[in-house]
Amino acid sequence: MTGSTPTAGPEAALGLARDFIDAIQAKDLDAVAATLATDARQLFMHSTATRSGEGVADIIAGRRKGFCVADVKGKEEILAYTEALFAKFTPLLWRDHEWTVSASGEVFFSGKGDMVVARTGKPYRNSYLTRFDVHDGKIVRMAEYGDVLMYARLGVRPNGAEFRALLRAVGRLFSPARSSRSGR
């Protein structure tokens, strides 16, 4: 699949991406599910560029890339990952939302995490940029950029879906077909 939005205009793609973020913040798994294509993918890309506006602009423009550390495959696996996320953080919010739609129809969301680890009470304040690719009115791919080392330092245990996604990302290092750098 491409990152284009052939059957949904940029406004529809933006609306769908907003619905996804709203559903995550509301911890509404059914609403998350309604936004996703059956074969959707969610890539987690390590990049500290999300800490600055210039870095975010560079990722959006394709001048900077991240490093894929998790590749969540399919709607059911994304939902299993998301359900674990709901349990790990309370609240699960982003502040300072900024939305960008590229000329090719990709939707980008940036925000600052305002989360607390439920188990420990430790604050978690990562900076994020997520690219949404929409096709036929559903999200087919998301690439979430952020400082994954900051997340790793929280000491939260991965569930089965997360562990499979981590192993799949290792496979990207050796695959001639999939890049571990581009988020594609």
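**Reading pockets, cores and ring pairs**

Modeller: About 160 Å³ of space lies in the second largest pocket of this predicted model, and that pocket is where I suggest we begin.

Biologist: Which residues line the second largest pocket, and which elements give two or more residues to its lining?

Modeller: A lining is read residue by residue and then traced back to the secondary structure. Here, the second largest pocket is lined by Thr 50, Ser 52, Gly 53, Val 56, Ala 57, Asp 96, Glu 98, Ser 110, Gly 111, Lys 112, Ser 127 and Tyr 128. Two or more of the lining residues come from each of α3 (53-61), β3 (94-101), β4 and β7. Sorted by class, this lining holds three nonpolar, six polar and three charged residues.

Biologist: What volume does the largest pocket have, and how do the residues of its lining divide?

Modeller: The same reading serves again. The largest pocket has a volume of about 660 Å³, and of the 35 residues that line it, Phe 44, Tyr 81, Val 148, Tyr 151 and Glu 162 are the closest to its centre. The lining divides into 26 nonpolar, six polar and three charged residues. At least two residues of this lining are supplied by each of α1, β1 (36-46), β2 (67-73), α4 (75-88), β7 (127-135), β8 (138-146), α5 and α6 (160-174).

Biologist: Tyr 151 came up just now; how should I read the aromatic pair that Tyr 151 forms with Tyr 124?

Modeller: Two values describe a ring pair, the distance between centres and the angle between planes, and an angle over 60 degrees counts as edge-to-face. There are 10 aromatic pairs in the count, and the one formed by Tyr 124 and Tyr 151 is edge-to-face, at 6.0 Å centre to centre with 65 degrees between the planes. Since Tyr 124 lies in strand β6 (residues 123-124) and Tyr 151 in helix α5 (residues 148-152), the pair ties together parts that are 27 residues apart in sequence. Ring pairs also link Phe 20, Phe 89, Trp 94, Trp 99, Phe 109, Tyr 124, Tyr 128, Phe 132 and Tyr 151 into a cluster.

Biologist: Is Tyr 124 buried or exposed, and what about Tyr 151?

Modeller: Burial is read from relative accessible area, for which under 20% counts as buried and over 50% as exposed. Tyr 124, at 3% relative accessibility, therefore counts as buried, whereas Tyr 151, with a relative accessible area of 21%, is partly exposed. Val 170, which has its place in helix α6, is also partly exposed, with a relative accessible area of 43%.

Biologist: Where is Gly 113 placed, and which residues does Gly 113 touch?

Modeller: Contacts say most when sequence neighbours are set aside. Gly 113 sits in strand β4 (residues 107-113) and counts as buried, at 4% relative accessibility. Leaving out residues up to four places away in sequence, Gly 113 touches Leu 93, Trp 94, Tyr 124, Arg 125, Asn 126 and Tyr 128.

Biologist: How many residues does the largest nonpolar core have, and which helix gives the most to this core?

Modeller: A core is read by its size and by its best-connected members. The largest nonpolar core has 37 residues, and those with the most contacts inside it are Phe 20, Val 32, Leu 36, Phe 89, Trp 99, Phe 132 and Ile 139. Helix α1 (residues 10-26) gives the most to this core, with eight residues. Apart from it lies another core, of 11 residues, among them Ala 49, Cys 68, Phe 108 and Ala 169.

Methods. Residues numbered from 1 in each chain as written. Predicted model: local features only at pLDDT ≥ 70, side-chain atom pairs only at ≥ 80, totals over all residues. Heavy atoms only, no water. Core = buried A, V, L, I, M, F, W, Y, C linked by side-chain atoms within 4.5 Å. Buried < 20%, exposed > 50% of the residue type's maximum accessible area, 1.4 Å probe, protein only. Helix = DSSP H or I, 4+ residues; strand = E, 2+ residues; numbered from the N terminus. Phe/Tyr/Trp six-rings, centres within 6.5 Å; stacked < 30°, edge-to-face > 60°. Contact = heavy atoms within 4.5 Å. 1 Å grid on protein atoms, 1.4 Å probe; cavity = no way out; pocket = protein on both sides within 12 Å on 5 of 7 lines; lining within 4 Å. Points joined across faces, edges and corners; volume = space filled by probe spheres on them. Nonpolar A, V, L, I, M, F, W, Y, C, P; charged D, E, K, R; others polar.
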